[in-house]
Amino acid sequence: MDSLEQAAKDLERLEQQLTALLLEQQLTALLEQTRKLREENASLQARQESLVAERAQLVAKNEEARSKVEAMINRLKALEH
């Protein structure tokens, strides 16, 4: 094998190593992005659960206030007659 053939094989090997390194870097970046997205998703799900619970409390308070107002209106109407 002459030096030109050896140089070509060395170059091909280096290209394969470079390709492998680039793929490894891309994979590492994708894994990091996936980790961050999973964390963000978990945070958003927790926030949603909190907001759903808060909304349920507000709906209950609103219903309680509505009942009290209706009761007051009924008492006022009863006083009119």
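These legends walk through a few close-up views of a predicted model.

**View 1. Glu32 and Arg35 pair up on helix 1.**
Start with glutamate 32 and arginine 35, whose side chains meet in a salt bridge with an N to O distance of 2.3 Å. Helix 1 covers residues 3-80, and these two sit three residues apart in it, so about one helical turn separates them. How open to the outside is glutamate 32? Its relative accessibility is 32%, so it counts as partly exposed. Arginine 35 is partly exposed as well, with a relative accessible area of 36%.

**View 2. Arg35 also meets Glu39.**
Stay with arginine 35 and look for glutamate 39: here is another salt bridge, 2.5 Å from N to O. Which spacing do you find along the helix this time? Arginine 35 and glutamate 39 are four residues apart in helix 1, which means that about one helical turn lies between them. Glutamate 39 has 47% relative accessibility and is partly exposed, because the partly exposed class runs between 20% and 50%.

**View 3. Glu32, Arg35 and Glu39 make a network.**
Now put the previous views together. Salt bridges link Glu32, Arg35 and Glu39 into a network. Arginine 35 is the shared partner, as its side chain meets glutamate 32 and also glutamate 39. As a bit of background, side chains of opposite charge can pair when their charged atoms come close.

**View 4. Glu64 and Lys68 form a salt bridge farther along helix 1.**
Which residue does glutamate 64 pair with? It forms a salt bridge with lysine 68, and the closest N and O atoms are 3.4 Å apart. That still counts, because the cut-off is within 4 Å. Both residues belong to helix 1, four residues apart, or about one turn of the helix. Glutamate 64 is partly exposed at a relative accessible area of 46%, and lysine 68 is partly exposed too, at 48% relative accessibility. The count for the model comes to five salt bridges, including the ones between Glu64 and Lys68, Glu32 and Arg35, and Arg35 and Glu39.

**View 5. Val69, Met72 and Ile73 make a nonpolar surface patch.**
Time to leave the charges behind. Which residues make the nonpolar patch on the surface? They are Val69, Met72 and Ile73, and the patch has an area of about 250 Å². Look for valine 69 in helix 1. Valine 69 is partly exposed, with a relative accessible area of 41%; that lets it join a patch, because patch residues need over 30%.

Key: Residues numbered from 1 in each chain as written. Predicted model: local features only at pLDDT ≥ 70, side-chain atom pairs only at ≥ 80, totals over all residues. Heavy atoms only, no water. Buried < 20%, exposed > 50% of the residue type's maximum accessible area, 1.4 Å probe, protein only. Patch = residues over 30% accessible without salt bridge, like charges linked within 9 Å, V, L, I, M, F, W, Y side chains within 5 Å. Areas by Shrake-Rupley, 256 points an atom, 1.4 Å probe, with all protein chains shown as cover.
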